[in-house]
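Thanks, everyone, for making the time. I would like to walk through one model with you, starting from a single position and working outwards from there.

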Amino acid sequence: MFPAEEGRQVQLITNNRIAENNEPTPPGAPAAQPGVRAGAPRAGLVSNLVPVQASEIALGRPLRHSVYDRNGQLLLRAGATIAIPHYLDALLANGLFFDQAEVDGERCAAEAPSAFAQAEKLLRSLQQVYVQFAEDADRGDLPERIRQIAGQLMRACGEDGDAVLAALHLDRLTPYRVHHQMLAATIIELTTRTMALAEGERLPLVCAALTHDIALVGSDPVLEGLRTPLTEEQRAVIRAHPRCGVEVLSSRGVVDAIWLDAVAQHHECMDGSGYPQGLRGDAIGRGGRLLAIADVYSAMIRSRPYRGNAFFPQNVWRDIFLNRHKYVSELTQLVVRSIGMMPPGSLVRLANNEMAVVRSRGSGALGARVVSVCSLAGVPLPAPVERDVTNPAYAVVGKANNDQFRSVELIMRRLWLAG
Ligand SMILES: [Fe+2]
């Protein structure tokens with residue numbers, strides 16, 4: 001069972017970062033109305049702003065209109081939900097605005113949601129599916145809803161795979177099982193795109209990734225709370241979950257062999273040490289081999305109660321290659337090439353002691369585009385700045401964790417939300 005709250009809590013900055021980030025008003029610019037930045041808007045910014053009153057935003061309710069900072073920079077799109085009073089207060093204190101044209105109906109949040117926002121929405125959709133599945137396992141619409149989410153994820157990846165990866169690597173609030181399967185599905189989609197598989201071939205694999213641990217959903221509350229080694233009974237549940245997952249999906253009408261085989265084989269290993277069948281090498285289908293890699297990666301980059309902190313992506317890949325007898329096949333390099341050694345949303349420390357986030361993929365650690373956002377102490381930079389990590393002065397020297405980026409979460413989100 002997952003938390004009852006449907007809407008993901010939107011984490012927003014709690015200091016004065018928005019006010020500090022104002023650009024100076026250009027000389028000769030017209031006088032601003034109180035609290036509203038005047039002057040020529042930068043490209044992509046909204047200029048006709050109307051202040052938001054506290055009474056116009058309800059906690060836990062979707063926003064009627066998109067909201068902007070005083071510079072006209074998009075903060076949250078219409079439909080987003082703010083669930084934490086503290087954050088809403090901080091936003092209002094910093095100055096929060098609607099776009100007058102949108103309020104007047106001249107523009108209805110016309111732009112399609114960014115791929116970043118779509119990925120966050122898809123996490124909520126998948127969470128909802130699993131909440132309802134946990135409450136009523138007999139629901140018959142599970143396969144169709146999973147196909148819908150898979151199709152939307154595939155479109156978002158086609159639009160901006162960097163943004164989807166970033167949304168998932170920055171996410172901290174989505175329950176583990178939902179996040180794990182969504183990230184695995186994203187990895188599958190991006191890798192099978194690299195392989196130039198047709199959409200019809202990719203869809204069942206993405207569906208498999210979204211459901212590969214469906215048989216563990218009911219066991220999650222117990223497994224998540226574990227601080228001790230598994231009991232024999234718990235071990236048996238885990239070893240059976242690929243087979244049980246196939247049974248669950250089949251009983252709800254899934255007949256696609258690619259989908260079912262990938263679920264059945266996602267814990268098989270190349271050296272035969274996996275489960276439940278102990279298949280070896282080519283006896284494991286392409287879907288099962290791909291999903292096994294995506295599963296390991298997705299599991300290791302999230303912290304778990306019984307294992308401790310999350311691994312840094314580069315270290316996950318190192319571990320996978322060190323365990324090459326288990327996981328490495330001709331597909332592994334393809335997966336790494338498709339999402340990167342340091343996928344977007346990875347948090348790093350640079351040689352100059354700036355804290356940075358990976359903005360977009362590259363062919364390797366040195367190819368990724370990296371943007372510095374704050375100091376080692378978490379103090380925001382005047383503005384995000386892209387760093388050339390091939391320059392020794394800005395080389396990546398270590399990983400960072402989300403806690404060090406609390407004050408700049410919104411600034412980082414804008415890197416993808418603003419397109
Ligand atoms: Fe699994």
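Let me begin with Asn401, which sits in the loop that runs between strand β9, residues 396–399, and helix α15, residues 409–417. I should say at once that this is a predicted model. Is Asn401 buried or exposed? Asn401 counts as exposed, because 12 other C-beta atoms lie within 10 Å, and the cut-off for that class is 12 or fewer. Although Asn401 and Leu347 are 54 residues apart along the chain, their C-alpha atoms are separated by 6.4 Å.

The strand before that loop, β9, belongs to an open sheet of five strands, ordered β8-β7-β6-β5-β9, in which the pairing is antiparallel. At the edges we find β8, residues 380–387, and β9, each of which pairs on one side only. If direction is ignored, neighbouring strands here are turned by 35° against each other on average. Within the sheet, β6, residues 354–360, is joined to the antiparallel strand β7, residues 369–375, by six bridges, and Val357 stands opposite Val371 of β7.

Now to the interior. In soluble globular proteins, nonpolar side chains tend to be buried together. In this model the largest nonpolar core comprises 103 residues, and those with the most contacts inside it include Ala119, Ala150, Val206 and Ala294. The element that gives the most to this core is helix α5, residues 142–170, with 15 residues. Leaving aside residues up to four places away in sequence, what does Ala294 touch? Its contacts are Ala184, Ile187, Ile188, Ala209 and Val335.

Notes. Residues numbered from 1 in each chain as written. Predicted model: local features only at pLDDT ≥ 70, side-chain atom pairs only at ≥ 80, totals over all residues. Core = buried A, V, L, I, M, F, W, Y, C linked by C-beta atoms within 7 Å. Buried ≥ 20, exposed ≤ 12 C-beta atoms within 10 Å, placed from the backbone. Helix = DSSP H or I, 4+ residues; strand = E, 2+ residues; numbered from the N terminus. Contact = placed C-beta atoms within 7 Å. Pairing = 2+ DSSP bridges. Axes fitted to C-alpha atoms, helices over the stretch in contact; angles between N-to-C directions.
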